[in-house]
Amino acid sequence: MGNRGMEDLIPLVNKLQDAFSSIGQACNLDLPQIAVVGGQSAGKSSVLENFVGRDFLPRGSGIVTRRPLVLQLISANAEWAEFLHCKGKKFTDFDEVRQEIEGETDRVTGANKGISPVPINLRVYSPHVLNLTLIDLPGITKVPVGDQPVDIEQQIRDMIMQFISRESCLILAVTPANTDLANSDALKLAKDVDPQGLRTIGVITKLDLMDEGTDARDVLENKLLPLRRGYIGVVNRSQKDIDGKKDIKAAIEAERKFFLSHPAYRHMADKMGTPRLQQVLNQQLTNHIRDTLPSFRSKLQAQLLALDKEAEEYRGYRPDDPSRKTKQLLQMVQQFSVDFEKRIEGSGDQVDTVELSGGAKINRVFHERFPFELVKMECDDKEMRREISYAIKNIHGIRTGLFTPDMAFEAIVKKQIVKLKEPCVKCVDMVIQELINTVRQCSNKLECFPRLREETERIVTSHIRDRESRAKDQVLLLIDLQLSYINTNHEDFIGFVIRKGWLTINNISIIKGGAKEYWFVLTAESLSWFKDDEEKEKKYMLPLDNLKVRDVEKSFMSSKHIFSIFNTESRNVYKDNRTLELACDSQDDVDSWKSSLLRAGVYPEKTTTVCESTQAQFSEIV
């Protein structure tokens, strides 16, 4: 297998992995490694167990591998296993190894199919293995089970990508032969990060389960979907063999006979099988470590120099040095400022997963709570009409006016604008309270210095309270500005809705369906009607230009009260009709609609009888 120096590379990388894991630090050196990727039931676990020659991995339905398993195989004279989290304890019974993997998985992820990116480190010593390190990743699942989140597929995909996206990682893509290679989950993921196929090693399992008359010869000969490192076929134990405790050595012997006897594979039998796969992986990983050593050494030296430089600052450190105390004090205050800003901006290092806080809660105040408070202050239409009626009558006094006075309009509008003050001030209060809560959360890092924490909270809170009064003054000033002048010429004001309600179009012929009720919307520019009050299906829009209102006598056969709209230039108002007859349930409704039309500029028709009567009376007096 080459010179001894190269043989020692894999154990050396194993020690580095253990060192980083034991101190709880992420390894950002991109150590050379092999990641095992595949869909559920692709045969990943069987391949790894064949390497070791023992049954030691959890099995079952659904997702079984729920945490990455860093499996370090080390050639030795005796056979045992040990976990990094149980250092010093040797496992000679591999059933106990399986139980420990299951127990450690449940400890972090829970017992109901949860997943976690925190790896389990397992080291296996055996005379039957070659030096090799593999990372067994969770199988790709499509449907969440148990208490798994709905995005379980994306979570597993992201976890796999964390490993295989590194250039220093070889990808062992495990695909069952009895599925379409073009739909292989493992090869799809590998192609995303390794489009040229330079880092991917293909493993085809379940060759013995293919339909009769079919084979994977073209795949194994690297013709169908070429990979630079090629494909290796293996035959794992069936579920019946596993349940029957079939010996792995016997299974490997049966695998060898399968390749030697199968007409499609006998010419490549020496390049197939589990022992061959283990040899290839050992050689590929050793060569990969050797190829990446120069860049790996450079990164390691750069980090070492950075650590030496940081350590140099503390070589002449004196705890009683006043300048250092001052510097530390300033650093803590500065960190408090940074933490506060991050919590408001939403880029903090500690993300709260229990409730909204900081900037997110302030955002919710503005976009959810404040609009809710505005909606709560709305009054109903009847109350509004009553107020408008009283305002108009009170301003007219003893006179009976024809037009709506501006003073009445302004009085009603200003009354509504004043109502904005309370929700606006309440919004400021909620924002201030969240800012103070954020100050307390950020000051938790100063709990070792109670006086500093207390003083920091006092100063910042006092400043926030000072700004609170200014903010409220500014908000109230803005509302007062709106009260000072009502601009009815604003583009948002023109075309405002004056009234909505149900009316019956009375002069539709029986042939065309007869009288029908519609939802009418009156604005300053038009009268529209819709099929219903959802206002989705508009039936017609009638411009108000040159329109007037005329009274219509109530028919003794009808319970409706009617008025009509006509065009002063003798044009058709609606389709072939010179007038549009509209019916209400009561005379009060008729008067109310006529008043609304008057506000929109549609005046009542002049009655000649009144004029003639007035003229006759005037003549008699003269």
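In what sense do β1 and strand β5 pair, parallel or antiparallel? They pair in the parallel sense, over three bridges, with β5 made of residues 132-136. That's a handy way into this structure, which is a predicted model, so here's a walk through the parts worth a look.

**The whole chain**

Let's start wide. The protein has 18 helices and 16 strands. Of its 622 residues, 38% are buried. Among contacts with a separation of 6 or more, 68% are between residues 24 or more positions apart. The protein exposes about 36,900 Å², and carbon and sulfur atoms supply 51% of that area.

**Strand β1 and its partners**

Back to β1, which covers residues 33-38. This strand is mostly covered, with six of its six residues buried. Gln 33, Ala 35 and Val 37 point one way, Ile 34, Val 36 and Gly 38 point the other way, and all are buried.

Besides β5, strand β1 also pairs with β6 (residues 169-176); these two run parallel and are joined by six bridges. If you want anchor points while you rotate the model, Ile 34 stands opposite Leu 170 in β6, and Ala 35 stands opposite Ile 135 in β5.

**Helix α9**

Next up is α9, residues 248-261. How far apart should the ends of its 14 residues be, at 1.5 Å a residue? The expected span is 20 Å, and the end C-alpha atoms are indeed 20 Å apart, which agrees.

Which residues of α9 are buried? They are Ile 248, Ala 251, Glu 255, Phe 258 and Phe 259. Seen down the helix axis, the buried residues fall within an arc of 90 degrees, so they line one face of α9. The spacing makes sense: an α-helix has 3.6 residues a turn, so residues three or four places apart point the same way. On the face turned away from the buried side sit the exposed residues Lys 249 and Lys 257.

What covers that buried side? The cover includes α3 (44-52), β8 (231-233) and α10 (274-312). At the N-terminal end of α9, Asp 247 acts as a cap: one of its side-chain oxygens lies 3.1 Å from the backbone nitrogen of Lys 249.

Ala 254 also lies in α9. The C-alpha atoms of Ala 254 and Asn 236 are separated by 9.5 Å, and the two residues are 18 residues apart along the chain.

**Two asparagines with positive phi**

Now for a backbone detail. Asn 222 has a positive phi of about 65 degrees although it is not a glycine, and Asn 546 has a positive phi of about 60 degrees, again without being a glycine. Asn 222 lies in the loop between α7 (217-220) and β8. Asn 546 has its place in the loop between β12 (538-543) and β13 (547-551).

Are these two buried or partly exposed? The table gives their values, along with that of Ala 254 from α9.

| Residue | Exposure class | Relative accessible area |
|---|---|---|
| Asn 222 | partly exposed | 24% |
| Asn 546 | partly exposed | 38% |
| Ala 254 | partly exposed | 33% |

Since partly exposed means between 20% and 50% relative accessible area, Asn 222 at 24% falls in that class, and so does Asn 546 at 38%.

Terms used
Residues numbered from 1 in each chain as written. Predicted model: local features only at pLDDT ≥ 70, side-chain atom pairs only at ≥ 80, totals over all residues. Heavy atoms only, no water. Helix = DSSP H or I, 4+ residues; strand = E, 2+ residues; numbered from the N terminus. Expected span 1.5 Å × (residues − 1). Buried < 20%, exposed > 50% of the residue type's maximum accessible area, 1.4 Å probe, protein only. Arc of directions from axis to C-beta. Contact = heavy atoms within 4.5 Å. Polar contact = N/O pair within 3.5 Å; in protein donor to acceptor, adjacent residues only side chain to side chain. Pairing = 2+ DSSP bridges. Areas by Shrake-Rupley, 256 points an atom, 1.4 Å probe, with all protein chains shown as cover.
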